[in-house]
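This report describes selected local features of one protein structure. It proceeds from aromatic contacts to backbone geometry, a helix and two sheets.

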Amino acid sequence: MASISPNGNIQDSAFPENEAPVAGMYKDYFLDYASYVILERAVPMIEDGLKPVQRRLLHAMREMHDGRYHKVANIIGQTMQYHPHGDASIGDALVKLGQKDLLIDCQGNWGDVRTGDSAAAARYIEARLSKFALEVAYNPAITNWQASYDGRNREPLALPMKFPMILAQGVEGIAVGLSTRILPHNFIELCKASIKSLEGKKTNLVPDFPTGGQIDVSNYQRGKRGGKIRCRATIEVVDKTTLLIKDVPYGSTTTNLIESIVKANDRNKIKIKKVVDNTARDVEIQIDIPSGISPDVTIDALYAFTDCEVSISPNACVIIDDKPVFLTVDELLSLSTEHTKHLLRRELEVRLAALRERLLFSSLEKIFIENRIYRDIEECETWEAVIETIDKGLEPYKAQFYRTITEEDIVRLTEIKIKRISKFDSFKADEAMRKLEEEIADIEYKLANLVEYAVAYFEGLIQKFGAGKERQAEIRDFDDIKVKQVVIANQKLYANTQEGFVGFGLKKGEGVEFIKDCSDLDDVIVFRKDGKYIVSKVQEKAFMGKDIIHVDVWRKGEERKVYHAVYRDPESGRNYAKRFAVTAITRDREYDITNGNKGARLLYFEAHQNSEAEVITVKLSQGCRAKKKVFDFDFGEQAIKGRSSQGNVLTKYPIQSIKQKSVGSSTLGGRKIWYDETVGRLNVQERGDYLGEFDTEDRILVLFKNGSYELTDFELTNRYDFAKIAHIAKLTDDLVVTVLHYDGERKDYFVKRFNIETTSLGENFSYISEASGSKPIVISIQDDTYVRFTETRGKTKQKEEVTLNLADFIDVKGWKALGNKLSRYPVSRIKEVEAKKAETDVINIGDTVEWGEDEL
């Protein structure tokens, strides 16, 4: 009821003037809306792992199922009886379900998740339920039902899903205030993990993606919030100027990938000539790179600056008891497996009840016919008398039944036709009842051993549906790519040393000199004549202070770059020599080469990239008291210290001049390099196998399993495919490669030992025959390599096991030589054995092997 307020305004008398009913309405409406979106739109239920639209789709398809394909447009129309949100959402959900290739058998153009191509119109494509869906997702007898949104039909509260579908398909959803992202997992691995869960063992699930590629799951955290998984495309090096991308990371497409590559090239992060999409049945994106650009560095840059590597953050959230709950994937698997076991038990119980009912009626039927109870009802005049007569005839047998005989059971007996009674065969009836009893006993055994039955169920799923569902994504440990090391030098660094300006925007001219190529991600270090130095981000133009004596690109942690300096301390009058490295620093903060005393003066400065030793000639002032006024000083004899060290006293006398006399080799020696097989990269952090100390001219030998080798330098940016590598080692003059190989042309086994004679870097050389069928059996770089094999000798086909040291079998020859035949007899079961396990009666070459020249 409305009323007039004291100020003359009309107000509703149901609400005081200071209250706004909209606030309460908004609060309730918002919570209702949020709950609806969470429960009915975005987040799947734990029971079947489906969102409502997916569940309604599958229910509609089951009602339509007749074994044949149905137009998707018809399926959408059928589903609209249950789903109130329009055909677009139903169609999108159906296409996504079909692309997962689990529950729906598709026909027509359903698009491609790898390329991002969309499906054809709903009127052109068809679908039906897969055999797997019919096996695991339906059983009306154990399904709980509810009315549809308009009350005209019924729909399942949850499908009786006897499989961890939520983990197999994965799911993404954004609701009000929360989101869910569960990544897809491998079908076979899920079945095996479910078996482990049933047996009480721990599981460790990791995702698998239909797009393939490589994944790093070291930070997956079992799918919890805060975890992360890194996905990479597989990139192959065809030659020095061509790369091939063979798959795309999960969640990306070939179109997006190519666009990211083009953008990175436009931003000068990478350097490419051309990118071509050759994707057909398999993904293939060809990248042409300019000559002089390292393929390995380009691969790192692709991972650093393009969608060739993406990070995915899981967030496993499901609906349990009408509430969103965050769990790990292993907890999800455990709950799903327990639910599957519960459904299997319910199915068995339903089946058992049906069999017991059949057995009971079969027994009643036999008693009714054999005891001729049907004749006793001939004289009954009323229906009640008929029921009573039959019940009385069954009375002596009621104790043997598992439940009380009801009037419905008696009514069924009265419905038996005369034809059946006249043709009743007691023996066949007993046989049928015996089979029913066997089935009942079998089901009772399964119920008593439910875990064993559930394990057999999952094993059966693997056997029936596991073909072609092997893991697609390769699990690897990724290395952390240092962006500054792989970005191309897209700028030219200039400096005006007199005026003190440094940057890539300076114009070359009077007073401006070119320093070096750099990238816009680099830092630059500047040393000045006053003994100060500073590190700053490279800019278009920046003032660093006048009288610059040295400019260079600076990289954090660069221990091998060393600076030599001599300065005079005015307070003590002494001259100090200082050898130091600048490995860590605060940007845009000035540091002092000297000890910081006022008036300190820099007398000499030189930078060395690889910690080279340096000898300087020092000439003292003629008026000083020193007896020796000219002497040499070797910086190489000084220890490399930190940037804040004072240095060592060079002389207490005034210095007239200092000149460089000579520069020697590195005082730090060779660089110690390790090879980490898990990521296929070199490192200096002592991860993996130690390869040795490397000087400038040293090389790495890579022996491949396919019978070829390659020489590389020891740049930390090199990439090695560990799956293809037999051995990787530092190349030395005395390194001998021992190979036992099968020659496809001669159809026999040969042994060769050779030194590496080639010097070309990055070129692949085959050291076995290129004939079809040729392959290496044993590849070794050990001094002594023992093999054990079986010879089949003579006409008697006598088997003899032989152990042989290949180092004694053949001398070192050229890398192109075929080698010596392993045996004059047919051989089999060849394997390499450790030296300490080799038998003492190693074959005597001179006594046993006698081949002619034509056999070598």
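With a relative accessibility of 2%, F163 is classed as buried. The structure is a predicted model, and the values below are computed from it.

**Aromatic pairs**

Across the whole structure, a search finds 27 aromatic pairs. One of them joins F132 and F163: the ring centres are 5.2 Å apart and the planes stand at 90°, so the pair is edge-to-face. This pair links distant parts of the chain, since F132 belongs to helix α5 (residues 131-136) and F163 to the loop between β7 (154-156) and α6 (165-169), 31 residues apart. F132 has a relative accessible area of 4% and is buried because this value is under the 20% cut-off.

A further edge-to-face pair is formed by Y494 and F514, at 5.6 Å centre to centre and with 65° between the planes. Y494 is part of strand β20 (residues 491-496) and F514 is part of strand β22 (residues 512-518), so the pair ties together parts that are 20 residues apart in sequence. The two residues are described by separate accessibility classes: Y494 is buried at 14% relative accessibility, whereas F514 is partly exposed at 34%.

The two pairs are set out below.

| Pair | Centre to centre | Angle between planes |
|---|---|---|
| F132 and F163 | 5.2 Å | 90° |
| Y494 and F514 | 5.6 Å | 65° |

Elsewhere in the chain, F527, Y533, Y563, F580, Y591 and F605 make up one aromatic cluster.

**Charges over rings**

Rings also lie beneath charged side chains. R62 is placed over the face of Y138, 5.6 Å from the ring centre. K730 is placed over the face of F694, 5.3 Å from the ring centre.

F694 also falls within β37 (689-694), an edge strand of a sheet described below.

**Positive phi angles**

Which residue in the loop between β17 (317-320) and β18 (323-326) calls for attention? It is D322, which has a positive phi of about 65° although it is not a glycine. D322 is exposed, with a relative accessibility of 61%.

R372 likewise is not a glycine, yet has a positive phi of about 55°. This arginine is located in the loop between α10 (329-370) and α11 (373-376). R372 is partly exposed, at 42% relative accessibility.

**Helix α13**

Which residues of helix α13 (residues 407-414) are buried? They are D409, I410 and L413. These three residues cover an arc of only 100° around the axis, which means that they lie on the same side of α13. E407 and E408, on the other side of α13, are exposed. Among the elements covering the buried residues of α13 are α10 and α12 (383-394).

**Two open sheets**

An open sheet of three strands follows the order β36-β35-β37, and its pairing is antiparallel. Its edge strands, β36 (681-683) and β37 (689-694), each pair on one side only. On average, neighbouring strands of this sheet are turned by 30° against each other, direction ignored. Strand β35 (residues 671-676) is joined to β36 by three bridges, the two strands running antiparallel. In this pairing, W674 stands opposite N683 of β36.

A second open sheet contains four strands in the order β30-β27-β28-β33, again with antiparallel pairing. At its edges stand β30 (601-608) and β33 (648-651); each has a single partner strand, so one side of each is left without a neighbour in the sheet. The average turn between neighbouring strands in this sheet is 25°, direction ignored. How many bridges join strand β27 (residues 562-568) to strand β28 (residues 575-580)? Six bridges do so, and the two strands run antiparallel. A residue of this pairing is A565, which stands opposite K578 in β28.

Members of the aromatic cluster include Y563, F580 and F605. Y563 falls within the residue range of β27, and F580 within that of β28. F605 falls within the residue range of the edge strand β30.

Terms used. Residues numbered from 1 in each chain as written. Predicted model: local features only at pLDDT ≥ 70, side-chain atom pairs only at ≥ 80, totals over all residues. Heavy atoms only, no water. Phe/Tyr/Trp six-rings, centres within 6.5 Å; stacked < 30°, edge-to-face > 60°. Buried < 20%, exposed > 50% of the residue type's maximum accessible area, 1.4 Å probe, protein only. Lys NZ or Arg CZ within 6 Å of the ring centre and 35° of its normal. Arc of directions from axis to C-beta. Contact = heavy atoms within 4.5 Å. Pairing = 2+ DSSP bridges. Axes fitted to C-alpha atoms, helices over the stretch in contact; angles between N-to-C directions.
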